[in-house]
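Q: Please take one buried charged residue and look closely at the part around it. What does it touch, and how do the neighbouring pieces fit together?

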Amino acid sequence: MTAFFYILFGVGVLYSVITFLLGQLLDFIEVDIDFDDEGLFDAQVSPFKPMMIATFLTTFGGLGLIFQHKGQWHPIIIVLVALAGALALCAVIYYLVMVPLYKAQNTSAVAQSRVIGYRGRVTVPIREGKYGKISYTINGNTYSAPAKSFSGKDLQVGEEVLIIDIQKNVYYVDGTKKGGM
């Protein structure tokens, strides 16, 4: 039973460290990957985010180890108490951290339909038929988004673009004449 708890604890900690380091690396080289899990279980924000899974595994394994070494409880009782503790911590984090952060994020976001017609700048080059990245500012907030060229032309970093269309969270842009935004 000890090995089981060590494995869960180790997987949770290792997963947390790897995702942190990988996130920092991908942020440094400006790679942005977004998986759409909206609408899963009709929750405002999915409780099955990687952070929640890592928290559950680490807490369950850690509590299992603590209760196994500190008390003379039956293994089933240890599993149940560790499970209850892990679920309770995950519920606290979900309701007191994740849901409020999700609500705060959505209050500052602008509907995509309102973004069409705005100007932005290319931050990652957009090659013919390939994805790049743009940034644009609305109401003092700067946003970035994956982008493709609407006309198929190459667009260089710093070039001003006009947002023409948005499909499946990809912004289709076209170059504009040089000038201020």
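A: Glu 160 is buried, with a relative accessible area of 5% (buried is under 20%, exposed over 50% and partly exposed in between, with a 1.4 Å probe and protein chains only). The model is predicted, so local features need pLDDT of at least 70 and side-chain atom pairs pLDDT 80 or more, while totals for chains, interfaces and linings use all residues. Residues are numbered from 1 along each chain as its sequence is written, and side-chain values use heavy atoms, leaving out hydrogens and water.

Glu 160 forms a salt bridge with Arg 119, and their closest N and O atoms are 3.6 Å apart (a salt bridge is a side-chain nitrogen of Lys or Arg within 4 Å of a carboxyl oxygen of Asp or Glu). Glu 160 belongs to strand 4 and Arg 119 to strand 1, so this contact ties together parts that are 41 residues apart in sequence. The structure holds one salt bridge. The two partners sit in unlike surroundings: Glu 160 is buried, whereas Arg 119 is partly exposed, at 37% relative accessibility. For comparison with the whole protein, 28% of its 181 residues are buried.

Next, the strands that carry this pair. Strand 1 covers residues 119-124 and strand 4 covers residues 160-167; the two pair in the antiparallel sense over three bridges (helices, H or I of at least four residues, and strands, E of at least two, are DSSP runs numbered from the N terminus; strands pair if DSSP finds at least two bridges between them). Arg 119 takes part in this pairing too, with Leu 162 in strand 4 as its bridge partner. Arg 119 is therefore linked to strand 4 in two ways: through its salt bridge with Glu 160 and through its bridge to Leu 162.

Strand 4 has a further partner in strand 5, residues 170-175. These strands run antiparallel and are joined by six bridges, against three between strand 1 and strand 4. One contact between strand 4 and strand 5 pairs Ile 166 with Tyr 171, which lies in strand 5. The hairpin of strand 4 and strand 5 has two residues between the strands, and Lys 168 there takes a positive phi near 50 degrees.

Finally, the setting of this part in the chain. The protein has four helices and five strands, and along the sequence they follow the pattern α-α-α-α-β-β-β-β-β. The strands described above, among them the one that holds Glu 160, therefore come after the four helices in that order.
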